[in-house]
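Trainee: Could we go through this one slowly? I'd like to get the vocabulary straight before the details.

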Amino acid sequence: MKILAVDYGASRTGLATCDVSEFLTTAITPQITLKARPKVAARVCEIAAEIHAELIVVGLPLNMDGTEGERAEKSRKLAKTLQIWSGLPVRMWDERQSTCEAADILSETGTFGARRKEILDSVSATVILEDYLAWRKEHPGEI
């Protein structure tokens, strides 16, 4: 299944996708730098159509204790908008630590400065997608 992952942030929104075999994940660049939710949603829907996505996974930024804060509420609103506008199923996915993991990956590859800022959220979306795909392997047939 072709899946589009979304890491929705206050300043930037990162995207990633996988191949139909759900084996290879790829960050989509450039990141979305629009801030208004309707504009972000419109761009995500455009990209979902371009890549023929069958499912959208939106990162849910939970607090470390599992509770939801303001960012989680905004992500849920984006997810609802994406579901309505795209007509695709949308799945929320716990994204705790995804940005930290993405930063570690970029550090390991020697990516710093402006280049790091340009791709951090897209790499975070890749981390979210890889985590979701690992779960799908353990739960075949579930979305």
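Mentor: Let us begin with pairing: two strands pair if DSSP finds at least two bridges between them, and strands (E, at least two residues) are DSSP runs numbered from the N terminus. This is a predicted model, in which local features need pLDDT of at least 70 and side-chain atom pairs count only at pLDDT 80 or more, while totals for chains, interfaces and linings use all residues. Residues are numbered from 1 along each chain as its sequence is written, and side-chain values use heavy atoms, with hydrogens and water left out.

Trainee: OK, so how many bridges pair E2 and strand E3?

Mentor: Five bridges pair E2 with strand E3 (residues 25–32), in the antiparallel sense, and Ala16 stands opposite Ala27 in E3. The two form a hairpin with six residues between them, and in that turn Glu22 has a positive phi of about 65 degrees.

Trainee: And what joins strand E1 to E2?

Mentor: Strand E1 (residues 3–8) runs antiparallel to E2 and is joined to it by five bridges, with Ala16 in E2 as the bridge partner of Ala5. E1 and E2 also form a hairpin, this one with four residues between them.

Trainee: Are the residues on the faces of E2 buried or exposed?

Mentor: Six of the six residues in E2 (residues 13–18) are buried, where buried means under 20% relative accessible area with a 1.4 Å probe, protein chains only, and exposed would be over 50%. Thr13, Leu15 and Thr17 cover one side, and Gly14, Ala16 and Cys18 are on the other.
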